[in-house]
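Here are a few notes to go with the model. Have it open while you read them.

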Amino acid sequence: MASVSSSLCFQSLGRRTPPCNSIPYNNSKGMRNWRNQSIVQCSQRTTHNCSGNCIEEEEQSKNTKRREALIQIATFAAFSYSPFIGSAAAAEEKDNFRVYSDETNKYKIMVPEGDSEWLPYEEQSSKPIIGTATPRVDWQVGQGKNNGIRALTGFYPQVASESNVSVFITLLGADFTRMESFGKVEEFAETLVSGLDRSWQNPPGAAAKLVACKSSNGFYNIEYTLQKPGESCRHIFSKIGMANNGYYNRLFTVTGQFMEEETDKYSSNVQKTVSSFKFT
C-alpha cells in the first residue's frame, strides 16, 4: 500500500496542492524532508483507512481462485474425453445397469449394460450366427492417469461415440470445506457455464448455455449445453459433490454428455448414470 500512497502524494505535489495536511518548505533540503514526511504520513493514513479495502481485495482473490478452479474442472470434464486405459472393477448386475464400485475412492455408480444395436456386425470379433441375436456389448470402463492430485474414470459405449460419463476427482484447498464454499448453486452454475462460453469472441467460440441447476443431498446438479462452431450440440449433465478421505477434501465431478444426434440412443442412460452416483 505504501507505493500506492507515494504515487498519490507525488501526484498531488504536481498539482501544487499540499497533500496530507503537510506544509512545504522553501529550501531544497526542506523540500526533500517534506516529501519524505508526506509519503510517511500518507502511507500511514492509507494503512489505517484501507482495512476494509484489504478485506475486500482478499475476498475478491478467493472468488477469483474459486472461479479459476471451476473453469478448469468444467473444461477438463467437458473436453477431455479420450480412450481410457481399460481396468477391472467391482460390479454387480441391477436391472439393465451394473453397479460399478470404487473401493479406493469410496463411491458407486450405475453403468449401462450393452445393447445389440450399439455394435455393428462388422465391428464384432466374430460373425453372428444367422437366426440369433447380436451379442450384447456392455459399456466399457477405463481410467486415465492418476497423479495423486487428479483421478479420472470413464464409462463409454464400445462403438465410436462422443457420448460418455466420467468421474473426475481433484484435491481442494483448505478453504473449501463444503459445496457452499463455491457459492450457492445458482452462482456456481453461472460461473461454471460462463467460464466455458466463448460465443462473445470474434470470431465466436464455443457457446455454453445453462439449462437448469439445483442443490440436493449435498450435491450440485447442473444441466447445460455446449456447442463448438461447426459441431453438434453437446448436452451435459453434471453432479458435483465433496468428500473427505480422512486427510483432505476432494471434489467429485460426475459429467455425462451425449451429442444432439444421439439423444434417443443415449440420453436416458447418461442421465440415469450421472444421477446414480453416490458416496459409500
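Where is the place of K239? K239 sits in strand β10, a strand being a DSSP run of E with at least two residues, numbered from the N terminus.

A quick word on the source: this is a predicted model, where local features need pLDDT of at least 70, side-chain atom pairs count only at pLDDT 80 or more, and totals for chains, interfaces and linings use all residues. Residues are numbered from 1 along each chain as its sequence is written, and side-chain values use heavy atoms, with hydrogens and water left out.

1. Stay with K239 for a moment. K239 is buried (under 20% relative accessible area, 1.4 Å probe, protein chains only). Even so, K239 has no salt bridge, meaning a side-chain nitrogen of Lys or Arg within 4 Å of a carboxyl oxygen of Asp or Glu. The nearest side chain of opposite charge is E223, 14 Å away.

2. What does lie by that side chain is backbone: the oxygen of S275 is 3.0 Å from a polar atom of the K239 side chain.

3. Now try R150, in strand β6 (residues 150-156). Is R150 buried or partly exposed? R150 counts as partly exposed because its relative accessible area is 33%, and that class runs between the 20% limit for buried and the 50% limit for exposed.

4. Look for I169 too. R150 and I169 are 19 residues apart in sequence, yet 5.5 Å apart in space, C-alpha to C-alpha.

Key:
Helices (H or I, at least four residues) and strands (E, at least two) are DSSP runs, numbered from the N terminus. Lys and Arg count as positive and Asp and Glu as negative; His and the chain ends are not counted. A polar contact is a pair of N or O atoms within 3.5 Å; within protein, one must be able to donate a hydrogen and the other to accept it, and residues adjacent in sequence count only if both atoms are side-chain atoms.
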